[in-house]
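Got the viewer open? Let's take a short walk through this one, from the whole chain down to a single helix.

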Amino acid sequence: MTITYEWRGDVDNPALNELHAEGFGHPVGRTDWAARLRRHSLGWVCARDERGRLVGFVNVAWDGGAHAFVLDTVVARAARSNGVGAELIRAAAEGSRDAGCAWLHVDFEERLRPFYFDACGFRETAAGLIAL
């Protein structure tokens, strides 16, 4: 499977809504991702297969300065376990670095620890969270 990765790639709202629903286990929504990303994100990475189908996505929010934040990392079931997720994060880190950020943050569920620490190179830090 040949996959291409694009920083700030074109966003097809229906395709991203379908991928997001598949990856996070909820019904397909009607989010206007293109508008949301333009309004709130430093960048994002789209992964597409040889047919141009969206098979991976990661959003990178930021504080307007040195800190970028990984959100919504998702890979289609058919493309998992092939390094797509790690490559999405690598491209997100590169895009964030090129934009002048010094730090890339991520939070995740415990089951994703091996992915983010081992496959992607994040290191553990102290952090806090308030459920709203």
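In what order do the elements of the protein chain run from the N terminus on? Colour by secondary structure and follow along: β-α-α-β-β-β-α-β-α. Helices (H or I, at least four residues) and strands (E, at least two) are DSSP runs, numbered from the N terminus.

A quick note before you click further: this is a predicted model, where local features need pLDDT of at least 70, side-chain atom pairs count only at pLDDT 80 or more, and totals for chains, interfaces and linings use all residues. Residues are numbered from 1 along each chain as its sequence is written, and side-chain values use heavy atoms, leaving out hydrogens and water.

Next, show the C-alpha trace of the protein chain and turn it around: it spans about 40 × 35 × 30 Å along its principal axes.

Now switch on the surface. The protein chain exposes about 8100 Å², and carbon and sulfur atoms supply 50% of that (Shrake-Rupley method, 1.4 Å probe). Hidden from view are the buried residues, 36% of the 132 in the protein chain; buried means under 20% relative accessible area, with a 1.4 Å probe and protein chains only.

Time to zoom in. Select residues 33-40, which form helix H2. Show the side chains of Trp33, Ala34, Ala35 and Leu37: they are buried. What do the buried residues of H2 pack against? Add helix H1 (13-24) and strands E2 (41-48), E3 (54-62) and E4 (67-75) to your selection, and you have the partners. Contact here means heavy atoms within 4.5 Å.

Definitions and conventions:
Buried < 20%, exposed > 50% of the residue type's maximum accessible area, 1.4 Å probe, protein only.
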